[in-house]
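Here are a few notes to help you find your way around this one. Have the viewer open while you read, and take the points in order.

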Amino acid sequence: MLLKPFTFLAALLFTLGSLSISFAFPNFQAPNGDLLRRQGIEDSTVSQAGHGVDAPPPPGPPSFTGLKLVNDRDHPWKPLRKGDVRGPCPGLNTLASHGYLPRDGVATPTQIVNAIQEGLNMENTAAILATYLGHLLNGNQVTDLLSIGGKTPKTGPPPPAPAHAGGLNVHGTFEGDAGLTRADEFFGDNHSFNQTLFDKLVDFSNRYGGGFYNYTVAGELRYSRIQDSIATNPQFSFKNVRYITAYGETVFPVNFFVDGRVTTDRKLSMEDAASFFRDMRFPPDFHRSDHPVSNQGVDQVIAAHSWLPGGNADGKVNNYVVDPTSADFEHRCRLYDRVVEGVVGLYPSPTGILKRNLIKNLQYWYTAVNVSLGGCTQLFPFGQL
Ligand code: HEM
């Protein structure tokens, strides 16, 4: 089961840019704006829900992309309130709990791109790739809102089935099996922090990283979580979007959750890992990376245990069958093709503002795909504007 390491995934889950904003969310309108800027964004632009909006182009990179204190006075951590939504992504959860994203967990793609650039210094192209992937598969294309967790009326009236606008928790879209600290959908809860899995992350960090999580630990844990799912999940699926993102997300804790003042031998302490993964909270005095980052280190993870995409066949455990048609690191444009096919499956015959925004959002996503993957033939399933 072999594949060659590559560097494209900067693309898919993720590449960079630059913007120094006097405050992070220029599009956010609120009556008491000064207070909100001091304490982060309280809530999504719920007033939009129910109304069609013209999907705006994604933000560019910030002008300042250097080291910065991000656990600051303007972005205090706050506990969840009733109705606040969180999901499988510890990065987005943390940004929402500090008010870089609306604290209720419902956001526009523009807010997400701005937040992951501002709060965690994700590179611009990577930020657009990840955000629009999630939005196209799980967001509401009419209201331009995405839940970072489960389905909520706050994203507005649901689109016609089979589309769902169900948020990032929806299994088999962006969220998938063999997560680091989230269980497989087959076991019931695919999005909450799972202490047993976190204990495994700690164990592997002790065994392979001297008590810290680093790229070596990431390589071992990635492989082991695949083997866990093969042995226990009869519905294990590990292909296309999930195959690519599963590798990217293993390096994120090193690239994004280690304080930016540490520039050599970057490794994540278990205390700080728990802070992000479990508590959705920046460690005290946390500084973001001193330069824009994406999926650096992923080649090392891939090379540690090469593995091809596939899944358990016939509903049986220990029955992993490779899928030669899946996207992999040698066939990255298949990822683009599969996602577009998935979007068409969700929206077989869109009309009006829905169709218009689908065309726009696919165009925005393709622009980032083209930079990151290069050479993928653009598809226009809904026509062009
Ligand atoms: C700086 C930005 C980001 C960071 C640091 C980050 C970090 C992570 C990490 C470490 C995981 C693995 C969690 C685990 O398996 O326990 C993860 C999962 C996930 N992230 Fe993010 N992420 C970022 C941006 C995004 C964006 C923009 C989206 C989509 C809009 C997204 C959606 C997801 C989803 C759906 C999962 C679950 C995948 C799975 O099934 O394991 N993330 N993220």
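The points below go from the ligand and its iron to the cavities and then to a pocket.

1. A word on the source before anything else: this is a predicted model. Please keep that in mind when you read the distances and volumes below, since they come from a prediction.

2. Start with the ligand. It has 25 residues around it, and the closest are Cys89, Gly176, Leu180, Thr181 and Glu249. Sorted by class, this shell holds 17 nonpolar residues, along with 4 polar and 4 charged ones.

3. Which protein atom reaches the iron of the ligand? The single donor from the protein is the SG atom of Cys89, at 2.3 Å. To find Cys89 in the viewer, look in the loop that runs between strand S1 (68–69) and helix H2. Cys89 also turns up among the residues closest to the ligand.

4. Next, the oxygen atoms of the ligand. One of them is 2.6 Å from a side-chain N or O atom of Thr181. With Glu249, the distance from a side-chain N or O atom to a ligand oxygen is 3.0 Å. Arg242 joins in too, with a polar side-chain atom 3.2 Å from an oxygen of the ligand. Thr181 and Glu249 are both on the list of closest residues given above.

5. Which helices build the shell around the ligand? At least two residues each come from H2 (90–97), H3 (109–120), H4 (124–138) and H7 (240–257). H7 has the largest share, with 6 residues, so I'd colour that helix before the others.6. Now the space itself. The structure holds 2 cavities of 30 Å³ or more. The largest one has a volume of about 690 Å³, and this is the space that the ligand takes up. Its lining counts 32 residues, and those closest to the centre are Cys89, Pro90, Phe174, Glu249 and Phe252.

7. What gives two or more residues to the lining of that largest cavity? The elements are H2, H3, H4 and H7, and H7 gives the most, with 6 residues. By class, the lining has 21 nonpolar, 7 polar and 4 charged residues.

8. The second largest cavity has a volume of about 40 Å³. Lys78, Pro79, Leu80, Arg81, Asp84, Arg86, Ser97 and Arg103 line this cavity. Here the classes come out as 5 charged, 2 nonpolar and 1 polar.

9. Last, have a look at the second largest pocket, with a volume of about 270 Å³. Its lining has 16 residues, and Gly172, Thr173, Lys239, Asn240 and Val241 lie nearest the centre. H7 and helix H10 (333–346) are the elements that give two or more residues to this lining. The most come from H10, with 4 residues. By class, the lining of this pocket has 7 polar, 5 charged and 4 nonpolar residues.

10. If you want one element to follow through these notes, try H7. This helix supplies 6 residues of the ligand shell and 6 residues of the lining of the largest cavity, and it is also named for the lining of the second largest pocket.

Conventions. Residues are numbered from 1 along each chain as its sequence is written. This is a predicted model: local features need pLDDT of at least 70, side-chain atom pairs count only at pLDDT 80 or more; totals for chains, interfaces and linings use all residues. Side-chain values use heavy atoms; hydrogens and water are left out. A residue is near a molecule or strand if one of its heavy atoms lies within 4 Å of it. A polar contact is a pair of N or O atoms within 3.5 Å; within protein, one must be able to donate a hydrogen and the other to accept it, and residues adjacent in sequence count only if both atoms are side-chain atoms. On a 1 Å grid over the protein atoms alone, a cavity is a set of points where a 1.4 Å probe fits but cannot get out, and a pocket is an open set with protein on both sides within 12 Å along at least five of seven lines; lining residues have an atom within 4 Å of a point. A molecule sits in a cavity or pocket if more than half of its atoms lie within 2 Å of its grid points. Ala, Val, Leu, Ile, Met, Phe, Trp, Tyr, Cys and Pro count as nonpolar, Asp, Glu, Lys and Arg as charged, and the others, Gly among them, as polar. Grid points are joined across faces, edges and corners, and a volume is the space filled by probe spheres set on the points. Donors are N, O and S atoms within 2.8 Å of the metal (3.2 Å for Na, K and Ca); water is not among the atoms, so sites may look incomplete.
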